[in-house]
Amino acid sequence: MLRHELRDCGTWVHVQPVPLEPFAVSRRSYDELFAASHDLLGLLRRALLEAAPTRQGRLDALEVRPTAHSFPFFVDDDEFELRHCATMARPDVVIGPDGPRFLEFNVSGAFGGPTEAHGFGQAWTRLYGGSVSTPPFTVDDPFAARADLLEEVCAELGLPRTVALVGNRVDRRGETTRYFDGEAAHLRERGFRAEVVEPGDLPGAIGRPGRLRFALALRYFAPADWVSRGESLDTVHALIAAGCVLYPPESSYLVANKRLLAWLSEGRSWMSEGDRRLVHRYLPWTRLAQDGKADWQGEPEDLRRLLLARRESFVLKPAVGMMGRGVVIGRSCAPDRWEAEVARALDARDAIVQQYVEPTRYALEMAADPGTEPYRAPVAPVLSPLLFGGRAGGIYARYYPDGRSGVIGVAQGGAMENVVLPESG
């Protein structure tokens, strides 16, 4: 059932073993993850707005230089950009010795997880509940949460309920558009006109030239990926010029900039005591990777010397990046490589440094093959709460079945997927 429900939706179905249960947590812990996700996302958005009163000032503060291939889709309506820049988000969280720690926030429409979380939720509900009993957990459906948000957006902007899901099956390693089809079907059930549109279908699929068929375009793609494969972004610019609203707006990628995490961790003048307590509770120590002094455990330290002296305590991450590309974990690389990576990052000033968090293991029931004896494996999941307009859309989870921790991205083979479900009652 899992393989059927999640076919063309990821890489885990091609890997053995498979999970025999979801990750399960108490309702209290589940709600805590979403409350922290919501509040931290709000602080990231405010950090962006407080950086400067103008768009150019915010770009300068984040050291972002938009190009034809990087941040290409800003629109003139800056109020719209800022109002909707943090409506779709997926933080990545590990449970460390002291509880949840938020490593980063993916903010856009292109992050993975909604389709997987929906599929797992459907499968686990049927497997554990069937038609005659109630499953021992509840499920928040990301498709429903995003549909609620899109309804609000259409009502706010006075748009007809028409949505094109703009994405490329290659991005999801599938042979069909099934990764997107499930959400399109759900939107149609909610009264939307909704279709999956691939780059090669543009601009004809939206009715250009001629009458515009879709008022909203859900951006299920990353421009850099399209450009790397030779896809033209001109058709997306044509969408926007024709009056189609690309959603979420380009400023969402500014909220995802990891420099904002460093600003919050270091503290900003506008932060209240409650803000600081929230950050201290849930964010690991994070700083901009640049030469100079940094407060470490209450003492000012030269950052370059600190990183070289305590390699196993730190992780380097590009300020702008996704899917784990460019992340360097100090304890996982040789000292000479770490020294070179530190020098590069501090000289380029394009990265953050974050304290390493060792994840707690969870004993997940698994099986090597159908019909074989189940066993429990201690795995280190990365948990990703899905938020849509402040609504809970379930928690997507990824892990290595052999129990190792580290970066889990598309480029890393062997990672598996699941969901976190709260116990009912």
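## Close-ups of a sheet and two cavities

**View 1. Who lines the second largest cavity in this predicted model?** Sorted by type, the lining of the second largest cavity comes out as 6 nonpolar residues, 1 polar and 2 charged. Look for Leu44, Glu104, Phe105, Val255, Ala256, Asn257, Lys258, Leu260 and Leu261 around the space. Two elements, β4 (99-107) and α11, each give two or more residues to this lining. The space inside comes to about 30 Å³.

**View 2. Here's the largest cavity, with about 40 Å³ of space.** The structure holds 2 cavities of 30 Å³ or more. Around the largest one sit Ala117, Gly121, Val139, Asp140, Pro142, Gly393, Gly394, Ile395, Val419, Val420 and Leu421. Helix α5 (114-129) and strands β18 (391-399) and β19 (416-422) each put two or more residues into that lining. By type, that's 7 nonpolar, 3 polar and 1 charged.

**View 3. Now for an open sheet of 4 strands.** Read across, the order is β9-β14-β12-β13, with antiparallel pairing. At the edges are β9 (286-288) and β13 (328-329), each pairing on one side only. Strand β12 (residues 314-318) meets β13 through 2 bridges, again antiparallel. To find one of them, start at Val315 and go to its bridge partner in β13, Ile329.

**View 4. Two helices pack on that sheet.** Helix α14 (residues 335-348) touches β12, β13 and β14, and its direction makes about 45° with that of β12. Helix α11 (residues 259-266) touches β9 and β14 (351-355), with its direction at about 115° to that of β9. You've met α11 already: it also helps line the second largest cavity.

Conventions:
Residues are numbered from 1 along each chain as its sequence is written. This is a predicted model: local features need pLDDT of at least 70, side-chain atom pairs count only at pLDDT 80 or more; totals for chains, interfaces and linings use all residues. Side-chain values use heavy atoms; hydrogens and water are left out. Two strands pair if DSSP finds at least two bridges between them. Contact means heavy atoms within 4.5 Å. Axes are lines fitted to C-alpha atoms, for helices over the stretch in contact, and angles run from 0 to 180 degrees between N-to-C directions. On a 1 Å grid over the protein atoms alone, a cavity is a set of points where a 1.4 Å probe fits but cannot get out, and a pocket is an open set with protein on both sides within 12 Å along at least five of seven lines; lining residues have an atom within 4 Å of a point. Grid points are joined across faces, edges and corners, and a volume is the space filled by probe spheres set on the points. Ala, Val, Leu, Ile, Met, Phe, Trp, Tyr, Cys and Pro count as nonpolar, Asp, Glu, Lys and Arg as charged, and the others, Gly among them, as polar.
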